[in-house]
Amino acid sequence: MYKGEAMVLQGKIPKRVLRLIFLIVLPLALVCFTLFLGYEHSLLTQASLRLQAEQQKGNLIITNQIESVFSQYVSDLLVVYNSNEFSGYIQDPNEGTLLQLARLFVRITNQKEYIYHQRFIGTEGKELIQVDRNPGGLITLVGEDQLEDLHQFELFQYTRNLAPRVLYISKVATERNADGSEKSIITLALPAYRGSVFLGIVAIDFDACQMLSFLSAYQGTLDKDLGFTLVDQLGWVVLAGADSCSALYASYRNLFSEVSELQAALYDSDQGSVTVDHTVYTYQAVYPRTSERLSRAPGHVRLWTLVSSYDIADVPHLTHEFLLSHGSVKYVITLLVLVLGSLLVIFYQVRAGDKQQMRISSLIADYATDGIVVCDAQQKITFCNQAFEHLSGYKQNELIGRSSHRLRQDLQVVARTRHQEEVHPAWVFHRSGNRFLTSLSIIHLFTREKKLEYSVEVYSPSVWTPADISELCELANHDPSQCFPSVFSLLSSKTTVSCLCFKVQNSKELGMQLNQIERAKFSQNLAQTLANLLGSTIDVYAFSFDSYFVFLKDSGLDQVLSNKIQGLMKAFQEPFNTFDIRLDCGVSNYPSTSSNVFDLLVDAYLASQMVEKLKDGRYVFYTSEVRKQYQRYTAIRQALATVFKSDQMRLFYQAQLSIEKGTIIGAEALIRWEHPTLGSIRPDEFLPILQEQQQLDQLGRFVITESIQFLSRNLAFLQATCPAFSLSINLSPEEFSNPSLIDLLGSLLREHRIPDNYLTVELTEHTAVENLTSANATLDKLHAQGIAIAIDDFGTGFSSLSYLMELSIDMIKIDRSFISRYPDSESVTIYKTVLLLAKEVGATVLAEGVEKAEQLAFLSEIGCDQYQGYLFSKAVDETTFLKQIEEVNIQT
């Protein structure tokens, strides 16, 4: 395809690409981005739920640990409270029982490393017993002088007013040791009563770190930064999970003050989660576990609340989710979708453009020898090939952008289809004014949206005759003035017009030497030359490569026109464009022979068809007799299509006689056709048509089959009346070179058990001599099957007789033209020469066309072997021929 065409095809691609990007790729990218946002939100929700589950799990673990240790602390207090020593003192408070109680305190403190102090406070708030655990694990009983008065302390004041077996729990506090170190303590206390009489308070200071260390310990096991915080009833942060237990209340933070909405949520339920300002808080209430026989003041109130929190913005880092921790991924993927989608659209469109271009190129390649025109959706020419340039006479750069309709005239009738495409006749206007008939098919190429994109017009050689065009135009009710405007205008003005149809008789030979482009050039030159030689100023109409119509106004069918034609024929005796061409011409005339433009064309064409058949010069003037002969010729052509399926054809037999004995020794089988309406049809009328239609094979099979069936039916009779009988059949060159026919001969002879030499095959000199090597091979094959060989019409082909020495033949049949000239000396010489040569090669000589007794006497005199001809009988049917044998051979 030309570069210009490729540019036209590719010029539309950018617009399509942008349109598809905006209509498909961009929405797809937005959908992808939206899906990623939704997926990211789903991941965030799921991650948050997992984090909350981990928070709840941590809260439960830490709470259980704190409550478990607290329960142990209560158990230790009850061990003292329920001891015999304490009971003995309550029953009898004296120095002895008090000492026993002090000893119990020492023992227990020594056993429990998490007990820092044990006290027994009297009714007035004065410590009666105090046992301390000093740094290094030393247990000491504080001397009386060092005992403190605690009546002003909350411990005494609050517990003094508690009912029996009601537990006091202090806040977690920090206490400084003598060495300056600090320790966290929590105090549990129970009031002591004897009956209703208050006797004092037993209190134990426990190691708060023993209980609260689980907070930091669990925090340390996590791979996520989930903050666990212990707050008291007022919202003060008791201890953060990341801090050591010595940092009690060290942050001075009040969670309720920081997050006011949290207080109500925490006290609505013992556990749960709440989100405040993008922070998720998960909480769990911590209650002191006491004995069933104990209660605590003030009733069912939580000791602390364990709170875990995280910022929603930190979820990606806390969960280690790739997509959440790399938020830019969605933008990158969306960009990739946009880029890849755009690239795919570009690739697809370029490929689609390439496919469309390849399709057009393929069409151009498929019809490379035809004229090709490519038009856009507006029917403007974007490309034409070289063949169309020669067909129209214009160069491609002159045609680009022009409407193809201005270069042609369509006969809008669908005459036939080709490759599922409608084909109709179209005249192409040549630059010179002449018109060339073509077979136009238009292939439409559509986009995926079913919009017309290109039209490929294919101008193939015409297959229509004037009769076809006339019939098609009449069926479509076309106005003749539109089909042949220049001629119609002359007829309308009542001008005498002669139409000359020139047929190139050797067009097939010329066509084999020329390609389609060269044919177009040849046709244009020939059309212009014909117009120039005849002096015509009217457009020449070229119906095909071999049919050209020239119109002469003010011209009749007279001697003047005959002289012009003869002069033209003489001019073409010289090579034309280096080619030897043979022209036949048919002539019609308006108004003498034809009444309208269609008749004028059809009659001239009909006359040109009959030139070869009439063999009367190189041109024929149309007459009613010419039409009758053409109609008979056409009827014979049509009848041949079904003749072999009917019984119209039969074999007739012309006897071949021995000159010496006068008996019948053979016959030649001759084809005869008796048509129910056409009557007897001579072989010279239908054989050329069969040869032209390549149907000689069917005729050969018919003759072979009928001949052998004749021999089979009459074999016994022939063996009795003429034992040396041989039936001759003629094989054309095409039949002789057809191996299947030769095999058919042998198979039928064997099938019907026909003896050797009962069948003779006759060949012309041309058939036998054209290729001696292949001919001899076939002759040998025939001889091997018991078939004799005869050379028919001897003397009409080759002047030399030397080939007879090279061929394996059994009979020579001398052409009838020689005996008809008897007693011409040349004819006598040929006969004598052939007889001498036949004796050398061992062949029998038969004279054809013997019609007179003196001719037979001459043949007998020179020693000729056999004859056939009208002197004895013409060809007759089978019954008559058998009677001839019976009459001649039996009587003889």
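**Entry 1: a buried pair**

I looked up Arg119 and Glu127 and found both of them buried. The model I am working from is predicted. I then checked how the two side chains relate: Arg119 and Glu127 form a salt bridge, with 2.8 Å between the closest N and O atoms. I also took the total for the structure, which is 22 salt bridges.

**Entry 2: Arg632 and Glu685**

I went on to another of the salt bridges, the one in which the side chains of Arg632 and Glu685 meet, at 2.8 Å from N to O. Where in the chain do Arg632 and Glu685 lie? I placed Arg632 in helix α22 (residues 624-639) and Glu685 in helix α23 (residues 683-692). The two residues are 53 residues apart, and the pair links distant parts of the chain.

I looked up accessibility for each partner. Glu685 has a relative accessible area of 17%, so I entered Glu685 as buried, the cut-off being under 20%. Arg632 has a relative accessible area of 24%, so I entered Arg632 as partly exposed.

**Entry 3: Asp684, Arg682 and the network**

I next took Asp684 and Arg682, whose side chains meet in a salt bridge at 3.0 Å, N to O. Is Asp684 buried or exposed? I noted Asp684 as exposed because its relative accessible area is 52%, and the class begins over 50%. Arg682 has 49% relative accessibility and therefore counts as partly exposed.

I then asked which residues are linked with these in a network of salt bridges. The network I found links Arg632, Arg682, Asp684 and Glu685. Within this network I have Glu685 down as buried and Asp684 as exposed.

**Entry 4: helices α18 and α19**

I turned to helix packing and took α18 (residues 516-534) with α19 (residues 559-571). Two packed helices are described by the angle between their axes and the distance between the axes. For this pair I noted that the axes come within 10 Å and cross at roughly 135°. That angle makes α18 oblique to α19, because only angles over 145 degrees count as roughly antiparallel. I recorded the crossing of α18 past α19 as right-handed.

Which residues make the contact? On α18 I listed Leu530, Leu533 and Leu534. On α19 I listed Lys564, Leu568 and Ala571. Sorted by class, the residues of this contact are five nonpolar and one charged, with no polar residue.

Notes:
Residues numbered from 1 in each chain as written. Predicted model: local features only at pLDDT ≥ 70, side-chain atom pairs only at ≥ 80, totals over all residues. Heavy atoms only, no water. Axes fitted to C-alpha atoms, helices over the stretch in contact; angles between N-to-C directions. Helix = DSSP H or I, 4+ residues; strand = E, 2+ residues; numbered from the N terminus. Parallel < 35°, antiparallel > 145°, perpendicular 65-115°, else oblique. Left-handed = near helix turned anticlockwise from the far one by under 90°. Contact = heavy atoms within 4.5 Å. Nonpolar A, V, L, I, M, F, W, Y, C, P; charged D, E, K, R; others polar. Salt bridge = Lys/Arg side-chain N within 4 Å of Asp/Glu carboxyl O. Buried < 20%, exposed > 50% of the residue type's maximum accessible area, 1.4 Å probe, protein only.
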